[in-house]
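Subject: Structure handover

Hello,

Here is the structure I promised to pass on. Please open it first, then read the notes below.

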Amino acid sequence: MKDFEAMLEESYSLMGDGVHDTDELLAWRKAQELRESQENIIVSVTEAVKGGVVADFEGIRAFIPISKLSLDRIDDVNPFVGRELEVRVFEADMDADKLILSAKEILKEKQEISKKKKASDVQIGQVMHGVVATIKDYGVFVDLGEGLSGLVHISQIANKRIRHPKDVLKEGQEVDVKVIEKKDGKLSLSIKALLDDSGEETAEEEYEIPETESIGTSLGDLLKGIKLG
């Protein structure tokens, strides 16, 4: 890309030929600076196009891909037309006449801030209701709603040792959990703690008695060894 000052001087001599005018060059320069600084800006969406929407940036048509509009799946971009969006410059290439904006990174950051705020409001010992979202070898992640989730380690699922979380739980299952720890916005949860709190007794393990050590239960066996006066 040519040096900006050189392009600006060239534009003065070519403005009458319809080449980039001064205002447009200044707009591109601003776009490039915003690309470097990643500063948030507000733009107005002017129209829906294939694969996304078009917004106005300092008189330049900027494209916002559908994948950069939201954190959720979008099937119809028309509701975005006429709205103002907070975005960042994702790509700025004047030679290719390509200016791409994105709202996704800002939405991700706001979501993380919101999750940490909500997690900080949760108290250790608090009992919450949620849904098993993901099952891993080491435990399950429980969706607690409002963007909150937490991990129930395999050791905190049941009162007895289990081989794999899926032996006890399944995805989509509703569960009550107790918050046992929180650190850096992450919640550690326990199902086992609620079983302990309820006074539920741990199921006794069954043992097989070897044939050579069978136990007699006849009256003779019971009286054996007892001396009668």
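Start with serine 190, which lies in strand β10. Bear in mind that this is a predicted model.

Is serine 190 buried or exposed? Its relative accessibility is 0%. The cut-off for buried is under 20%, so serine 190 counts as buried.

What does the side chain of serine 190 make a polar contact with? The partner is the side chain of glutamine 156, at 2.6 Å. Glutamine 156 also appears among the residues that serine 190 touches. The others are Val152, Val177, Lys178 and Ile180. That list leaves out residues up to four places away in sequence.

Next, the strands that pair with β10.

- β8 pairs with β10 in the parallel sense, over 3 bridges. Here glycine 150 stands opposite leucine 187 of β10.
- β9 runs antiparallel to β10, and 5 bridges join them. Here lysine 182 stands opposite leucine 187.

So leucine 187 in β10 has glycine 150 opposite and lysine 182 opposite. β9 and β10 also form a hairpin, with 2 residues between the strands. Aspartate 184 sits in that turn, and its phi is positive, at about 55°.

One general point helps when you look at these strands. In a regular strand, side chains alternate between the two faces of the sheet.

Now the pocket. The largest one has a volume of about 300 Å³. Its lining comprises 19 residues, and the closest to the centre are Ser149, Gly150, Gly185, Lys186 and Leu187. Which elements give two or more residues to this lining? They are α3 (104-121), β8 (148-153), β9 (174-183) and β10 (186-190). β8 gives the most, with 5 residues. By type, the lining divides into 6 nonpolar, 7 polar and 6 charged residues.

Two residues link the pocket to the strand pairing. Gly150 and Leu187 are among those closest to the pocket centre, and glycine 150 stands opposite leucine 187.

Last, the whole protein. The secondary structure comes to 5 helices and 10 strands. The protein has 229 residues, and buried residues make up 30% of them. Take the contacts with a separation of 6 or more: 55% of them are between residues 24 or more positions apart.

For a quick look on screen, begin at serine 190 and its contact with glutamine 156. Then follow β10 to leucine 187 and on to the pocket centre.

Best wishes

Terms used:
Residues are numbered from 1 along each chain as its sequence is written. This is a predicted model: local features need pLDDT of at least 70, side-chain atom pairs count only at pLDDT 80 or more; totals for chains, interfaces and linings use all residues. Side-chain values use heavy atoms; hydrogens and water are left out. On a 1 Å grid over the protein atoms alone, a cavity is a set of points where a 1.4 Å probe fits but cannot get out, and a pocket is an open set with protein on both sides within 12 Å along at least five of seven lines; lining residues have an atom within 4 Å of a point. Grid points are joined across faces, edges and corners, and a volume is the space filled by probe spheres set on the points. Helices (H or I, at least four residues) and strands (E, at least two) are DSSP runs, numbered from the N terminus. Ala, Val, Leu, Ile, Met, Phe, Trp, Tyr, Cys and Pro count as nonpolar, Asp, Glu, Lys and Arg as charged, and the others, Gly among them, as polar. Buried means under 20% relative accessible area, exposed over 50%, partly exposed in between (1.4 Å probe, protein chains only). A polar contact is a pair of N or O atoms within 3.5 Å; within protein, one must be able to donate a hydrogen and the other to accept it, and residues adjacent in sequence count only if both atoms are side-chain atoms. Contact means heavy atoms within 4.5 Å. Two strands pair if DSSP finds at least two bridges between them.
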